Structure formats: C-alpha cells, structure tokens
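Dear colleague,

I am passing on the structure we spoke about, together with some notes for a first look at it. Please open it before reading on.

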2 protein chains.
Amino acid sequence: MKKEYKQLAPDYRLLLGPGPVEVSPRVLNAMSKPLYGHLDHKFLDIANETMELLRYAFQTENRMTLPMSGTGSAGMETVMVNLLEPGDSAIVCVSGVFGQRLRDMAGRCGAKVISVEAPWGEIIDPEKVREAFKNNSNIKLVAIVHAETSTGVKQPLEEISRIAKENDALLVVDAVTSLGGTDLKIDEWGIDACYSGTQKALSCPPGLSPVTFGKKAIEALNNRKTKVNSWYLDLSMIQNYWGQERTYHHTAPINMIYGLREALLMVYEEGLEERFKRHQLNSDAFVAGVEAMGLKMVVKNKEHRLPTLNAVSIPEGVEDAAVRKYLLEKYGIEIGGGLGDFKGKAWRVGLMGESSSRNNVILLLGALGDAFMAQGHRADVGAAITAALNVYQKTSR
Amino acid sequence: MKKEYKQLAPDYRLLLGPGPVEVSPRVLNAMSKPLYGHLDHKFLDIANETMELLRYAFQTENRMTLPMSGTGSAGMETVMVNLLEPGDSAIVCVSGVFGQRLRDMAGRCGAKVISVEAPWGEIIDPEKVREAFKNNSNIKLVAIVHAETSTGVKQPLEEISRIAKENDALLVVDAVTSLGGTDLKIDEWGIDACYSGTQKALSCPPGLSPVTFGKKAIEALNNRKTKVNSWYLDLSMIQNYWGQERTYHHTAPINMIYGLREALLMVYEEGLEERFKRHQLNSDAFVAGVEAMGLKMVVKNKEHRLPTLNAVSIPEGVEDAAVRKYLLEKYGIEIGGGLGDFKGKAWRVGLMGESSSRNNVILLLGALGDAFMAQGHRADVGAAITAALNVYQKTSR
C-alpha cells in the first residue's frame, strides 16, 4: 500500500518574523509563469532587467550587481570566498549571530581574523575599528553587518567606511535585513561589496541572494593568487554568465528570478524614499505601542534601531514559547524567537516589505495583548493601540 | 522619467533541451502558494514529506537525503566539500564537462586528484579505475558521472562500485540527469553519496539540488580533521535543520521546496518503473526517427545512451545556430547546443519528465525536418516519423 500524500494547501499565516515575510500575490504569480531556458535571449532580457532593478535598490552604478543562486547566507559566503584567500587578514565586526557567521566564514577561507566586538543590542564603535587597524597590518577588508537580524541593531557605516579607506582596506557589508527597507547607499557610503537576501524587505520568497561588487572589490578578485574555494560561488566565472559573454556556468533558478524581478519592480514603483518612510512609520507606531504596553525594546538607543526588524525584550516571567504558540494558533501570526544569546530573551518582529503595514501593526498589538492576558499577565492593549494610532495621526499618511 | 518595465508574460516555449525542461502546472501552482516560515511545524511536515519522496526517487533508506538550497552544481560542491579535505586523494572520472567540473571542485578542496579519462561519448572503463587504485594509495573516494549531460552517456556503475569497495573508497555519483528518468539504485548499487538537480527528469524548476549520503559517507564527514570549506554547504550543520533538532542554519527556500514536493509526488504517483519505461520508450522512438532521417547519435553504443539526454551529431555542413534559431522562432522549441568539446558538433535533446512524451517526439521530428529543409538540406521527415511510430506501435503504450 502506497502512502497517501495530501494536496499542498498551506494554512493561513501572517508572517511578522525575521523573514520570510509576506509576499505579494504579484510576486507569487510571477514565480508560477512557464519557464524559459537559462540561455534563452528572452530570459537574458529578464536577467538584465533584474540587474538594473537591483542597482536601483542598492543605489549603485556597480556593473557587477546580480542575484546569487542561494539564500542570504550564500551571498555572505560569496563575498567572503571571493575576497579572501589563505593568509589574508580581515577585521570582522561581531555583535550578533550574523557577525559570528561572518567570522566563521572568514576563518574557513583561511584568513587571519581580527574580531571587533560590541555587546549584543549595541552598535560597533568605529574607534574600535580604528584601533584594530593600528594594532594589525595588511588588513584586506573590514566586514560588518548593517542590519543585525539577531538584535535589531542598525549600524551606521559612514565613519567605518572612512576608516577602511584610510587604511586601504575594502568595506564589506551585510545588508540582508536592510536592502529595500532602510537607507543603504552603496556608492555614496563607499561600500565595496555587499550582499542581501530576498525574503526580508524585498518581500520575495527566500532562495536568492543579491550581491554587488564595486571596482576595488573586482580588482581584489582579479588579483587573487589562488582559485576561489567555491566553484559554485566563484564570481570570476559567474560574471561571464551575467555579463555580455553569457557563458553557461550553472543553470540559473529561472522562476526565483521571475519572482525577484517582480518584487524589485514593486520596490521601484513605490520608490525607495517612500518605502523607507513607510517602514520607519510602521516601526515607530509599533514601538510606541509595545512601549505603552510596558515592554522594552532590545536596542536602547532609538537612532540605532532597525525599522525592519524590531526586537522586543521578553519581560521577566513571560513564557516565550507560550506567547508565540498563542499568536500562531489563534491568529496565524508568526513572530520570531530570539537567536543565539537572545534565545528566550527577545522576540523579533519583522515589519518588512508587504508585512510593514498599519493593519499589521494594529492587529499585532491587539494579538500580543491578548496573548499576554491569556497567559495571566497584564497588558494595556488600549494604551498600546492608542499610542500607535497617535504616531499615525501625526503624519498625513 | 522613470523607465517603464513590462508585465512578465513569457512567450510560448517547449523546452526540449538539457534542462530546464517542461514543468507541470501542478508544480508551478504549488510554488505560488503562500509561505510558511522555515521553522513553522507545518512547513517542517512538508520538509519531511519531501525527504521521504526523495528517498523513494533515489531508491534509498538513507536518512540524510535532502534538497540543498542551490542548483545542481551546488549539490556537486556539497558532496565534494563535505567529503574531501586538504591532503586527501580522489579518483575523478572525466569524459565530459561535468566530470571536468568534478575534477575542478576536488582540486579546490585541496585534494590530490587522479583523473581517469575516456573519450567524450564513451563510458569510463572500470579496468582503468582498478588500475588507478593500483598505482595510487589511500584513495578516499571515486567520483563519477552517471548521466553525462554534455555527451548523453549513461555510465554503468556496479562494477566501479565493487572496485571502490575492494579498495575501501567511497563512491560518489553525479545523477543530475538521471534521477527520476532512468534507473538509479543508491542502496543496491552501493553508492555512498549522490547529488542531482530538480530541472531535469524531476521536471521541477531549477533551484534545488537533492543529495543523499549513506552511513560510510556520514562517517567520513564526522571524521574530518578540518572544518568544511563552505559554511553554506556544511552538512554537519545542515543535517540538524533537516533532522530532529530543527536548528536554524539558513532560511530554507520555501516555495522551491513546495514545488519539489509536488514534482516528486508526480514521480511517486506515476511510479519509478513506469516512469523509466516512458523515458526509454520516447527516447527509443526519437532515436529511431533521427536515425531514419540519416542523423547519427553521439553515443555509438546503444546500451550506453541516456534516455533523458539524447545527443545527436550535427552533420557536416549543417549550421548549428541556424537550426536552433529556426526551431525557437517557428516552433518555440528549445533544444540544447553542444557543450565544451562538442560545441557546434552536437545537439542535446532533453526528453525528461514532462518533456518526455509521444507528442513532443513526433512534433520535434517534424520540426527538425522542417528546419533542415529550410536551410536547404534534405530531410526525410516521412521516414523519421514512420520509424518513430513503429517504435510506439510495437508497444501497447
């Protein structure tokens, strides 16, 4: 007797976690279109448009701006394996899980790694980076996370970019949770290489990782003495598929690229400035709401909070899993638990892309209050929603 | 003025090349379903079912049977980076582009690589593998391509498996173009590690790479002295997401997994035996047709021809590009050009998954004859189609 499998019919979910987040039906519909071959000139036109739209989102003129065929961590690995070879030295800034991951990857490339750390929930102090340069020579690159998904910190980059330049080092930036949700100026800020993911503020399903490499990064790539560790992520070959030559490297994930193009088109139609304002406003309203409910944000300094990923401290005595389970079962709402050091200590609320809306903020505040009360805790839902509404009413939006 | 982008509306295509091939609307529809989070228990059920169905397709009981989050070449790299570390020795069999790629990857892992070669279009002679073992010691693994997509050769594996076992080496197999299209018995043939792609005989869009690791391969992984070169493809961590622990590693590509599950379900419903018969029959009919038209198959020995990937020699004087352009423009049909040494010398006709049908064989023979005549060449279309029909009529299918 053969086992019977049911038809795929996902239950209702409202994704308000660290990603994946809500995806527009426009994007899902694009992903379900019939396939072109990966060398079909019509598909290559779509690939070109995707690169153009990615340059818009990254605010860059970099020719080498393309989606890698893997999720965000594949983009992280792409940047590290292409830029580092055994014997190189790298400064890696660590103040959360994704900084740790960068450090791990740099080590696997055979690089000497100098860590610059900050407590979780705080930004990396540029002076510490300056110090690391003073104490070490021949640093090839500085790697830093712009949007630390494990803590909700938004890292200012301009001062660290200046320090990297003074020391003739490349600046590598993780923008997985910032691209398309908060300002990220690749060219203006002097970022040499950057990667992101599709399932965060771009509001596309996970599966691709946009990367962008500037001239200095390409020079470093071209001046390597050894082959890139990874064949799959070797940009010296991949650039010939995405460039004029159109040389086959691996089979591009056609439907994922259809979806990314559509998601990027939605970013383009909304306009970056408008989109960033929307993300900031919804985050402000949510934060006002949770604070009015007596909860505290993980990131103390308002200036350093991401609008995309809102980390809320779990109050003493409140059971993490019970609250999340209640939200999932009663509302179909997913929020994220804490990662690494913050496991059981923080909730991560993603208000990114399609998930960043007034409707979702109001609903989540209500649902969160309900979940608290159901666990026997006090929660002033009225105050929370009033505080959020006040934020909206102060704007004309 | 903002540039205007058109709505995504792909032109008609019939994909009869080396992959991607035709994808069922069932699979495209599954890919467009709303997302679960990657740690949602409902998604993890879907992931479990996907693994079960993959075990069915691979004919294995291997617990570690899962889709890697990248295209087929990421699967190739997964196997090599997890099993090889600097200083290891590996025998790599090379008789086409994908054998060359395996060799390149083994080298990037820091392994000493011993090549065993065969002319393109022929199988690797097991005696040469035996000889390579005699002339070298401490061989950790033998890597070989089951279905060489660049030549259309189907490599027998049982004798080489015995030789590997006699020498206490692992057998690593590339089944990108065979899984789901022609017999592949992981357990019965003693294959220790194997990888495939989704866009070939599984008839799913490209984007994932199913892999399977047996006990001996997992032992080798667990006995490594060094970290795996690649963080993204490190199975020692990835197995904890796909296993009982469900530890977050990277965000799984949700919608691609929806699609793969549906494609595998179609394999399961048809049944492997039926599916292999269908592929063989359509290939036989196609080959009878092209031979009746006076064309020659690249692989001379019938026993060594893949039913999934049918490589046809381009006759003297016929212009490769003109014929393929004609097929694309007049019929929307894509067939593949030659790769590597076979560039301009062979066409690669994929009759895999949804593309493997009587309708497509008859249509393609007619279209190919038309393309020949349009270029001023003779082509006996009548003989070709009659020969193909004879093959079908000899069966009750």
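The notes below deal with the interface between the chains and then with the domains of chain A.

Please keep in mind throughout that this is a predicted model. In it, 72 residues of chain A are in contact with 72 residues of chain B, and the area buried between these two chains is about 6300 Å², with carbon and sulfur atoms giving 58% of it. Of the area that chain A buries against chain B, 14% is supplied by A:Tyr5, A:Leu8 and A:Arg108, which is more than any other three residues supply.

The rule finds 10 salt bridges across the interface of chain A and chain B, including one between A:Arg13 and B:Asp40, whose closest N and O atoms are 2.5 Å apart. The same interface has 34 residue pairs in polar contact. Among the elements of chain A that give two or more residues to the side touching chain B are α1 (25-31) and α2 (41-58), while α9(A) gives the most to that side, with nine residues.

Within chain A, the division is into domain 1 (25-268) and domain 2 (272-394), and 29 Å separate the centres of these domains, taken over C-alpha atoms. Here 28 residues of domain 1 are in contact with 22 residues of domain 2, and the area buried between the two domains is about 2200 Å², of which carbon and sulfur atoms give 64%. Between these domains of chain A the count of salt bridges is zero, although eight residue pairs are found in polar contact there.

With best wishes

Definitions and conventions: Residues are numbered from 1 along each chain as its sequence is written. Chains are lettered from A and ligands numbered from 1 in the order in which they are written. This is a predicted model: local features need pLDDT of at least 70, side-chain atom pairs count only at pLDDT 80 or more; totals for chains, interfaces and linings use all residues. Side-chain values use heavy atoms; hydrogens and water are left out. Contact means heavy atoms within 4.5 Å. Buried area is the accessible area (1.4 Å probe) that two parts lose on being put together, summed over both. A salt bridge is a side-chain nitrogen of Lys or Arg within 4 Å of a carboxyl oxygen of Asp or Glu. A polar contact is a pair of N or O atoms within 3.5 Å; within protein, one must be able to donate a hydrogen and the other to accept it, and residues adjacent in sequence count only if both atoms are side-chain atoms. Helices (H or I, at least four residues) and strands (E, at least two) are DSSP runs, numbered from the N terminus. Domain bounds come from an automatic or database domain assignment.
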